[in-house]
Amino acid sequence: MKPQLASLSPRNLAILYAQIDPSPGQVNLMKGIVSDDPTFSQIIAKTVRGGGKTKIAAVSFAHIHRHDPTRKIFVHSGSYEQARYLYSYYRPLILNPEYFPQDELLDEPTRSLTQFRSGGFLKVLAASERQSRGGHVDIMCLDEAVLIKQELIDAVWPTVRTSKRPKRIVLSTASPKVSLEWFLRIWQHADQLNFKRFEWPLEECHWISQQDTANAQLLVDSETFKVEFLGEIAERRGT
C-alpha cells in the first residue's frame with residue numbers, strides 16, 4: 001500500500017519515503033517538474049537559503065524515474081559538491097527496494113551517476129566545460145544557479161535540444177554571486193522568456209527556526225538578510 005501511494009505523486013513520495021512534509025509552494029514546484037506539459041518546459045525557482053528547493057528537485061526526479069526510467073537528467077551546480085547534495089537526496093530513494101524496482105538499475109549507482117536498463121540516468125556534472133558539453137539529455141537542472149559561471153551555463157544549455165520532452169530547471173537563492181544578473185534577468189522577465197516562476201515565502205518553511213531568523217536579523221546587514229533569509233532580491237545599485 002505504501003509504495004502504491006508514494007507512486008501517485010511526488011508529494012506522497014516526499015512524505016512517505018523522504019521524511020519531507022512539503023509546503024504548498026514546494027508542491028507546486030514538484031508538479032511543474034514532473035509535468036510533461038510544454039508549459040513547464042522551462043522552470044525557475046527562487047527561495048530563501050534552506051528553502052528546500054534541492055530536496056524537492058531530488059524527490060521529483062526520483063518520481064520521474066519511477067514512472068519513466070528512460071529519462072536522462074543532468075544536474076549542474078557551481079561546484080561538484082553542491083550538485084551532489086541533490087544526488088544525496090535522490091540516490092536513497094532509487095536504492096529503496098520497497099519503492100523502486102532494483103532490477104531496473106544498470107550496475108551499482110556510483111557517487112555521481114545512476115543508470116537504468118531502460119536507458120535513462122541521472123548524472124551529476126563537475127564544474128567543467130567538458131562535462132557540461134558531455135551528451136544530450138531530457139532534463140537539465142541548474143542547482144544554485146548563481147554560483148555557476150556563465151561559460152558553463154552556455155555549454156550545458158543546449159543539451160536538451162534533441163529531446164522530445166526537453167525541460168530546463170533553474171534553482172537558486174538570489175545571492176550576489178557570479179551569475180546573479182543572468183538569474184535575475186530570467187526571473188524578472190520570465191513570461192517573455194517562456195519560463196514558469198515558482199517561489200514560496202519564509203512563512204511556509206516550517207522547518208526553518210523562527211528564532212534563528214530573528215537572531216540573524218539583529219546581526220547581518222539588511223541586504224543579506226533580505227536575500228538569504230527572506231528569499232527576496234537585494235537593491236541593485238548603479239542599474
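# A tour of helix 4 and its partner

Select Lys 53, Thr 54, Ile 56, Ala 57, Ala 58, Val 59, Ser 60, Phe 61, Ala 62, His 63, Ile 64 and His 65: these are the buried residues of helix 4. This is a predicted model.

Now show the whole of helix 4, residues 53-67. Most of this helix is covered, with 12 of its 15 residues buried. Measure from the first C-alpha to the last: helix 4 reaches 21 Å, close to the 21 Å expected at 1.5 Å a residue.

Next, add helix 3, residues 24-34. How far apart are the axes of helix 3 and helix 4? They lie 9 Å apart, and the two helices pack at an angle of about 40°. Angles between 35 and 65 degrees count as oblique, so helix 3 and helix 4 are oblique to each other. Their crossing is right-handed.

Zoom in on the contact. From helix 3, pick Gln 26, Leu 29, Met 30, Ile 33 and Val 34. Facing them in helix 4 are Ile 56, Ala 57, Ser 60, Phe 61, His 63 and Ile 64. Colour this contact by class: eight residues are nonpolar, three are polar and none is charged. As a general point, an α-helix has 3.6 residues a turn, so residues three or four places apart point the same way.

Last stop: Pro 3, in helix 1 (residues 2-6). Its relative accessible area is 22%, so Pro 3 is partly exposed. Which residues does Pro 3 contact, leaving aside neighbours within four places in sequence? Select Tyr 17 and Glu 98. To return to helix 3, draw a line from Pro 3 to Ile 33: their C-alpha atoms are separated by 21 Å, at 30 residues apart along the chain.

Methods: Residues numbered from 1 in each chain as written. Predicted model: local features only at pLDDT ≥ 70, side-chain atom pairs only at ≥ 80, totals over all residues. Heavy atoms only, no water. Axes fitted to C-alpha atoms, helices over the stretch in contact; angles between N-to-C directions. Helix = DSSP H or I, 4+ residues; strand = E, 2+ residues; numbered from the N terminus. Parallel < 35°, antiparallel > 145°, perpendicular 65-115°, else oblique. Left-handed = near helix turned anticlockwise from the far one by under 90°. Contact = heavy atoms within 4.5 Å. Nonpolar A, V, L, I, M, F, W, Y, C, P; charged D, E, K, R; others polar. Expected span 1.5 Å × (residues − 1). Buried < 20%, exposed > 50% of the residue type's maximum accessible area, 1.4 Å probe, protein only.
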